[in-house]
Structures are given as C-alpha cells and as structure tokens.
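Me: Please go through the strand pairing, the charged side chains and the surface of the structure shown here, one question at a time.

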Amino acid sequence: MIFELRVWKPFKHIDCPLCMAGTDVTFIARVDSTTLARKPTMKWLKGKWLDLASKAGKHMQFKETYDRNTKIYTYEMKIIKVVPGDAGGYRCEVTAKDKCDSTTFEISDILSAFKRCQLELLPFSLTDRRKKPEEEKPQIDVWELLKNAHPSEYEKIAFEYGITDLRGMLKRLKKMTVEPKHSEAFLKKLESCYSVEKGKKIVLTCEVVDPDVQVKWLKNGQEIKPSAKYIMEANGNIRTLTINKASLADDAAYECVVGEDKCFTEVFVKEPPVTITKLMDDYHVVVGERVEFEIEVSEEGAHVMWSVNILHKEKDTKYRFKKDGKKHTLIIQEATLEDIGMYHAWTNGGHTKGELEVEALRPDDIADLTVKATDQAVFKCEVSDDKVTGKWYKDGVEVLPSDRIKMTHIGRFHRLTIDNVKPEDAGDYTFVPDGYALSLSAKLNFLDPPKIHLDTTGNMVSQNTIIVVAGNKLRLDVEITGEPAPTVVWSKGDQPVTEATGRVRVESRKDLSCFVIEGAERDDEGNYTICVTNPAGEDKAVLFIKIVDVPDPPEHVKCTSVGEDCATVIWEPPKFDGGAPIKGYLMERKKKGSSRWTKLNFDVYESTTYEAKRMIEGVLYEMRVFAVNSIGLSPPSLSSKPFMPIAPTSEPTRLTVHDVTDSTCVLKWLAPEKIGAGGLDGYVIEYCKEGVYRHITLYIYSNINNNTEWVVANQDLCEKQGFTVRGLPVGEKINFRVVAVNIAGRSPPATLQQPVTIREIMEHPKIRLPRDLRTKYIRKVGEKINLTIPFQGKPRPVATWYKDGQPIDPKMVNVRNSNVDSILFIRSAEREHSGKYELVLQIENMEDRATIEIRIVEKPGPPARVKVTDVWGFNAALEWDPPTDDGNCEITGYTIQKADMKTKEWFTVYEHNRRTNCTASDLIMGNEYMFRVYSENLCGLSEEPRNSKETAVIAKTGLQYKPNPYKEKDMNCVPKFTQPLVDRSVVAGYSTAISCSVRGFPKPKIVWMKNKMIIGGDAKYLIQNNQGVLTLNIRKPSTFDGGKYSCLAVNELGQDEVECKLDVRGVRTEGGGTNGI
C-alpha cells in the first residue's frame, strides 16, 4: 500500500494509516523547489527525535528522485513487512536555508482496540504496477473479539491490539451485554460508546421528546457541573455535552437523565503509543561475563516484549527481566557462545535492537609487582592466541615506549619492561587485547624509604624549636611519605607517647601524623622525637617544644625621690620571665585610701626606674608595677609605701639658636619638664660677652651676684618659647641663657654650650616648589589662579618670573614677592595664559630655578564629518572625524544621540565612546533615524553637536508571532488519608469524637461505617467535614456503641479507607458493678 504526502503547500496532519502486519507500506512526499535556491533537506523521523536514516537497511528503504521539468523532488520511505513495533507517530520534515515545513502521521495496526481513521489508498505505485492490487481486508471489531474470546486469551488480544485498560473494557463489556429498555423520554439515545484521542474534543448528542425538559448529565454516577471543560447545550429537542481537551480522567461512563429515565454511553480516551526513549546498546563480552540490555520507554508500567533473532524469549528461564520505572532490563547472568545474536525490544509504539558478541578468549592474570628505586619491573601477560595484539595502559593512559619503557610480543606472551623504576611509575597497569571487550590489570607498588617533612614555618622560631603559649592547644601535623606506609612512633625523652585520646595524644591520618597537646603546661616543655620506619629504612626528627607564659610580678617597688608634682620609683625585675624576654613594664598609681588605680603609661616602659608626673602636691600616693612579655601581662606587684610629691620647677629644655644677623639673635626653647604647683609665669633671657663680666638687672626679685656680667634682654617676662635679642655688637661672641619663673622663684638656667658669633650667615637660595605644582597645572577658562611659591635664602633673594623664556607682562599676570615666598596671581584665566612659567631666585652670583607648566582648557568644538556608513537589520554604523578644536586638552570620548524623523526627540545611544565610530543597535523597524555627536574632554561636552547629513532607514521585514502552547495542569488526585483514625477508649455517657483527614480531587464522597454498616441519619451521630478534616461526633455513647468505626473516601479515580476501634467502658456503681447507661 502507498501513502502520498504533498509538500508544495503547507503540511496538513495525515490521518492514521491502517497497516496489516507482514505487508509492505510506502510513503511518498513531494517538494516543489521552484522558489528554493538550493536542494532541500528531507528527514523521516519517528516520535520526536529518532532519525530513521540510521535505520536504513532491509527493513526500511529510502529513495529520492528529481524531475527537472516540474522542479519537484520526490522522497519515498518504504517499510518492508510491517511488524507491530513499527506502529507509532512519524514526522516528515523538509528544510531549505531559512524555510522549514513538516507534517505528522501515525501507523496503526488494523486490529486496533479503538476506532481508526483511514487514508485514501492508491491502487498502484510507479514501482509496482505489474503486481495485482491486494484485496482490502475487512476491519476487525475488538469488542466482538472480546465477546467471543475465551478469558485466557484476553491478555494476548490486549497486547496485540494496543489495549491499555483491559479490566475497564471487560467491565464495560459486561454492561453492554444488558439489553436496553424502551424509553419514553428519549427519541434518540446516546451512542453505545464514543472514542476520542487524548487532548481532543468530543460531543455527546441525544434527542429528547419534550423540547422544554431539563436534563442532567452524570459521570460515573456523579452530576457534572457546567464549566469551561464541560459545555452543556439545548437546541430544540437536541441535548449535547461537549468535553474539551479529553484526558484519561474523562475515560468513564456517562448518563443523560430526564426525570427517572436515562440513557447510557461509554467514552474511551485513546492514549498515545509507548515509544522507546533510550535505545539498546551493543555488547562485546567474554564467555561467563554478565550482560544487561537496558532501554527506557516514555511511560511507566508499559509492557515490553523481548526477543532474540525474532524469537520470543520472555518465558525462557535463562533470561531475567527487570523493571524500574521507565527502565526495562534484560539480564544474562553468564554469557555463552549460544547467546550470540541480535536482541530486540518491542512496544506498541517503538522497536530497538542490540547485537551481542561473545568471545572465548581468556588470558592469564597479571601479577602485582613491588620494586625499589632504580630496579627493573616486568609485567607479563599470556593470551590464548599468538596472533592477538594489544596495548598497555597506565591509570587509563596508553603507555608509549621510551628509553626506560619497552614492550615486547613473543608468541603468546606480551611483556612490559620498565628500567630504573621511579616513584612516578607507580600505578595500575592494564593490558587490553585489540578487538576484545576485556582487560587485565596489575599494580606496580614503589618501595620508597620513609621521610619526615617538617614545616619550619608557623610556630617554629628555629629549625626544630616550637613555642607554645601555656593553656593553648598545640597541633603539629607532620607529613610522612614512604612506600609501604611507614610506622610512626612519638616519644618525649625515652618515654613513648602512645595514647590516642587524652590531653597529650597522637592522631594518625593518611600521609599525616598529628601530635596534639590540649591546654599546654610548663611540664610539657622538652625534647620530642618522631621516628618513622618501614621495610625500606628509617627516618627520625627531634623537636624542642618550649612552653611560654606570662611573667611573675615585679618585686620591691619603692619611691626614691619626689618633686613638686612628680616622684621617682624603682623596682626589681620578676624572678621568672615566663620563658620569654621581658619587654617592659606598666605602672599604676592611686591616692591613699582610694581603690581606683590610674594607668601611668600605655606604651611599654623598658627601664626599672620611672618618674611619675602630674601629681597633686601634698597628696599621699601609692604605686604598683606590671611586667609585660610577648605572652601577656603579669599579676600586679605589691603596692609601694605611700609618698607625697613636692619640688620646684626645673630648667627650660632644648635651648637653641634659630637665626643670627649682624645685630640680632633669635633663640628658641621648650618648656621645663618639671613645673611646680604654682605653674609657669614666663621666661627671662640673659646674655653676656665671652670673657667680660657685666651685670644689669631690672627685676627687684633677682638674686644674681653683682660680680656677674649677665644682661637681661627682656624687660617684661616672655610668655612664648622664643625671643629675639636685639642691639648686639657685630663680630662679638655672646653667651645666652634662659630661666623659667613662677611663684616659687627662678628655675635653674638653661645655657648654650658654646658662645654665638654675631654675624649674618650667607644661605644659598632654595625654591620649595609645592608637590601639586611639580606636574602640569590645569585650570578651566575663567577660573582664578593664585600660586604661592615658598623659598629660602639669606640675605633676601631677588625673585623674577619668566613665561616661555620672556619676562612676564604685568598687565596679564600679577606678581607679589616677600622675604619667604612669591605669589603669581591671574584674576580670570584665558587660553593665552597657557605656557611654561619659570621662577628665578638670585642672591649675588647664586641662583635657583623652578618651572611650572600651566594649561588653560575649555570645552572642545563639535566633531567633523559625521556620516552613516552602513545600515543592516536593526543596526546602523556611524563614523566621524575628531574636532578641529580640542579645547587645549585631550579628547576623552564622544556622546552619540539618535532621533526619529517623526518625533524629532533625541535619545542618547552611547556615552564616553572613545573611538571615532560606533554601531547604533535596537532601532525600530520601519522608522528613519538621524544622528548627532558631541565631543567630550576634561571640561565636558562640546557646546554644539555635529549632525549627520545622511539618515538611516530601517526596512520592514516579515515577522510572525508564534505563541508557546499552553498545557493545562492535571489536578486530579486519588483519595488519600493523610491522618488515620486512632483507637480510643471512652467512658459511657460522655460524648466523644473521632477524626481523620483526607485529600483528593475531584472532592471525594465520605461514608462513615460502624462494623461495616453505613451510619445513616441517626441523631446520635453528627458528621462534619471542614476542608478535608473529617469528624464523627458520638453523643453520650453506651457500651453498645463500641466497635470498629471506618471512614471511606470515594471519587471517580479510586477510593481509600481507614478504621479504628472504639471501646466504651461502663460507669462503676456503688455496689461494685458497672452501669452501661
């Protein structure tokens, strides 16, 4: 039989061809190529993805012809002797460049369990005109077969004709045998049965006598409510029920009820054929090995038929069959030479096969080797045939011959020889014979002497010394190498450490030995030895573990001297430094009778003598000291004996000469270290000539002797820490001293060690150019420029400014010079102010120079020659030239904007684009665009853009919207109790309740039973159903209410039941008996 598919018009779905098993079938597709530029590509597919080109052979043949006159390609697919496994969905797909078209069709057996649609059969084909057309065989009705068949043949008929719900069909068959009664309400009843494919629409129609009568539609005895899925219509005497998108849940019995009369029908939903999603693989094994042929199908619980060489094997005891969800497996425990052949797996919608080859080869095993370094290793493998070749592999990588590695094949023996064995040669070696699905492996073990690898970083202060803080945990992981794995022994002195638990323990891991000390103590300090041994040798290492702790407190703290607001305290170092050097000390003090200690220093003080300051005169104090090492702070020492500070002010410090001229001398100093309780009023500065004693004093409180020639330089007290002495003779050597004065009197003087010669000192000119002016100085047009350049030199240097080698114009630039700096000022900067400015500093024939580069910048001009170079798809390419005026600085980028010619509104495409070209994307089809470009530098965007002379027109192209298909989720669910009933024991006369919970969709019907009898409308019982929580209330039960209570939930998909036992106890009476109430 031949089926023809024409492809020059859009494909239409081809109805299901009916094919008799054992006959040939041919499908023909024609493609009109008048509008195609090249030859189209044709694919014949089964299911969604199986390309039938891989199945070409005796069973499937493909042919292709071309007619040059009509330019029509003809494609043929011929299936020789159709078998049940060929049934299923097929697809014919043709593609040519950007065009694609396809059509789908199904092949079904003529003895199907459901009603099939037919194709028009052509009487003859071009290749088989001489043969007589076969007589068309009548279609077989499956219902008649089941009626007349013996019950033992039901399963055979179900598999042969693709029946998936045999039990349901037998139940319906039993109902169909009942003779229908004459109905007075219906003119025409429903058909006896309907058939529909899954996902399609079906319409049930009947005709009633009374056109105004109301009808009810029932599904499995439950009334159907109108919805989007179920549409009920009344048109005169015609009543219709439309079921949209039929699913397996719609496969049920339907009734149309008019009063007490009704008509009945059955709806059968046809399931899609079961296809094979994972094909069978070929096997090449040796005699005795296990073989597993595995496939996957599209549906769970599908029936799969296995065969070998087309002979049915499902009942052969040698074979074992396994089902796991969608996976089906054929298992041969021990393969023999008789098992060689082609194995097939069949479903009602697919077929796959795999070939099994069994070899009798069995080479001898390869022995493992253990060798030392530089030894020779030889692997030998003996095979059954001297013509068998093979390859050697190490850890899955092929071994290649080299100077050390040699491979030989002599007779039946294959040898692998490795000279001068190295550690990297250790591993798994495998010999794989060519053309055989087996391999033999052996291991090469390298005998390596043990080695200890100590990590000298971390806590190690020297090569083998480890410092541990007392109370901390020490975990020492030592890497151990060696083959075979060496034995590790730890010991402290001569005592081995063997405990695996406890405070001091040894933990063993792969390639590691861990020595652990929890909460280190001083007694743990000492030498520890680790010794590793194996048959290849021994290695040993010695470690010294040092335990460090905080030091003991300092001793003998006492005060040796006091001042007005200070005191000197000394102490002795602690007897034990904690195992770490003492870094210093921290001191605290408090008033006598107080409990609040005050810290005197936050930084560690190294000396054992400390002078405490800022104390209150006349107040008793106590002091204590802490010792500090690298571990921490010691406990405090014992407090010193109480002491009281009182003393005068000390002399000023660091008296120095700051500057000298021909008649003056500038002195500077620091405040005294010790200042009395009266504070500091000021300073007196005095001087005298070297070798001459002359005395002048202006203070009545001065107690200087009359025979000294010191002159007071200041009439009033100097409150600052600097003073200029004037009126000094030129060339004389003068001595200076400074005295601090307060209410308690004069302090000891601070005197210069050497006399000062009064003569001005020549100092070379030096320009101190600020750091920010050493690079290019950039300002915008209109900004103010004010540069201060400090310098030094004596006598006063002469400062001169130059611009680009020429003296500056005072009309453009203002300059002000002082003794210590020069100021360059420009009120409003212009671009002509840009250039190199040079400051020249001169003292007689000495000079110093400094150069400052000033650049005045402004916004750039627009780019030049903006043009559209190309337009394609939704894109447009732009190019332009840099602007002629860059604003006196580098162009940092460009901003590109676009505008639709209709709206003339501008939108930014790119910002900060550094190149002089770009591509504008995502343009709207059918619109015309113009573009403009801004230049950008340090000052910002150019004032005006440059517009493109050309515009970009985005042409319209054909587009077609293809929405994604919507798949409705199936919410149907079999009833299932999520909380069962619980046995209870109650007292008679007291009301009680039993509860459970159930879920299911459609909403299940609930039936309560006692001892398997349905509980009716008895007022004693109250039944409640709240969102699936079911409760049975029993009012004042008696002993007769005890028994087994059960709850049954039923819907169209199934049912579920739970039960419990209720025990009702009687009330004890005063006489000792019970009352059952």
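Me: How many bridges join strand β71 to β74?
Reply: In this predicted model, strand β71 covers residues 893-900 and runs antiparallel to β74. One bridge pair is Y894 with S935 of β74. The number of bridges joining β71 to β74 is 8.

Me: Which residue of β77 is the bridge partner of E928?
Reply: Strand β77 consists of residues 952-953 and pairs with β74 in the antiparallel sense. The pairing extends over 2 bridges. In β77, the partner of E928 is V953.

Me: Which residue in β76 stands opposite R932?
Reply: Strand β76, residues 946-947, is antiparallel to β74 and is paired with β74 over 2 bridges. Opposite R932 in β76 stands N947.

Me: How many residues lie between β74 and β75 in their hairpin?
Reply: Strand β75 (residues 940-941) is joined to β74 by 2 bridges, and the two run antiparallel. Within this pairing, E936 stands opposite L941 of β75. The hairpin they form has between its strands a number of residues equal to 2.

Me: How many residues of strand β74 are buried?
Reply: Strand β74 spans residues 928-937 and is mostly covered. A residue counts as buried under 20% relative accessible area. Of the 10 residues in β74, the number buried is 9.

Me: Which strands are the edge strands of the open sheet with the order β61-β68-β67-β63-β64?
Reply: This open sheet has 5 strands with mixed pairing. Its edge strands each pair on one side only. They are β61 and β64.

Me: What is the bridge partner of Y802 in β64?
Reply: β64 is made of residues 806-807. Strand β63, residues 798-803, pairs with β64 in the antiparallel sense over 2 bridges. In β64, Y802 has as its bridge partner P807.

Me: How many salt bridges does a search of the whole structure find?
Reply: Side chains of opposite charge can pair when their charged atoms come close. The criterion here is a side-chain nitrogen of Lys or Arg within 4 Å of a carboxyl oxygen of Asp or Glu. Over the whole structure, the number found is 38.

Me: Is E255, which forms a salt bridge with K262, buried or exposed?
Reply: The closest N and O atoms of K262 and E255 are 3.1 Å apart. K262 is partly exposed, at 46% relative accessibility. E255 has a relative accessibility of 14%, and the limit for the lower class is under 20%. E255 is therefore buried.

Me: What is the N to O distance in the salt bridge of E292 and R290?
Reply: E292 is partly exposed, with a relative accessible area of 30%. R290 is also partly exposed, at 39%. Their side chains meet in a salt bridge with an N to O distance of 2.7 Å.

Me: What is the N to O distance in the salt bridge of R779 and E783?
Reply: R779 is partly exposed, with 28% relative accessible area. E783 is partly exposed as well, at 33%. A salt bridge needs nitrogen and oxygen within 4 Å. The pair of R779 and E783 meets this at 3.9 Å.

Me: Which residues are linked with K473 in a network of salt bridges?
Reply: The network includes the positive residues R475 and R505 as well as K473. Its negative residues are D477, E507 and E518. The residues linked with K473 are thus R475, D477, R505, E507 and E518.

Me: Which residues form the positive surface patch that includes R774?
Reply: R774 is found in the loop between β60 (763-767) and β61 (777-780). Membership of a patch requires over 30% relative accessible area and no salt bridge. R774 is exposed, at 56%. The patch is formed by R774 together with K766, R768 and R771.

Me: Which residues form a negative surface patch with D324?
Reply: D324 is found in strand β24, residues 320-324. D324 counts as exposed because its relative accessibility is 53%, and the limit is over 50%. The other residues of the patch are E271, E299 and E300.

Me: What distance separates the C-alpha atoms of K39 and Y73?
Reply: K39 is found in the loop between β3 (25-32) and β4 (41-46). At 46% relative accessibility, K39 is partly exposed. K39 and Y73 are 34 residues apart along the chain, and their C-alpha atoms are separated by 8.8 Å.

Conventions:
Residues numbered from 1 in each chain as written. Predicted model: local features only at pLDDT ≥ 70, side-chain atom pairs only at ≥ 80, totals over all residues. Heavy atoms only, no water. Patch = residues over 30% accessible without salt bridge, like charges linked within 9 Å, V, L, I, M, F, W, Y side chains within 5 Å. Areas by Shrake-Rupley, 256 points an atom, 1.4 Å probe, with all protein chains shown as cover. Charge placed at Lys NZ, Arg CZ, Asp CG, Glu CD. Helix = DSSP H or I, 4+ residues; strand = E, 2+ residues; numbered from the N terminus. Buried < 20%, exposed > 50% of the residue type's maximum accessible area, 1.4 Å probe, protein only. Pairing = 2+ DSSP bridges.
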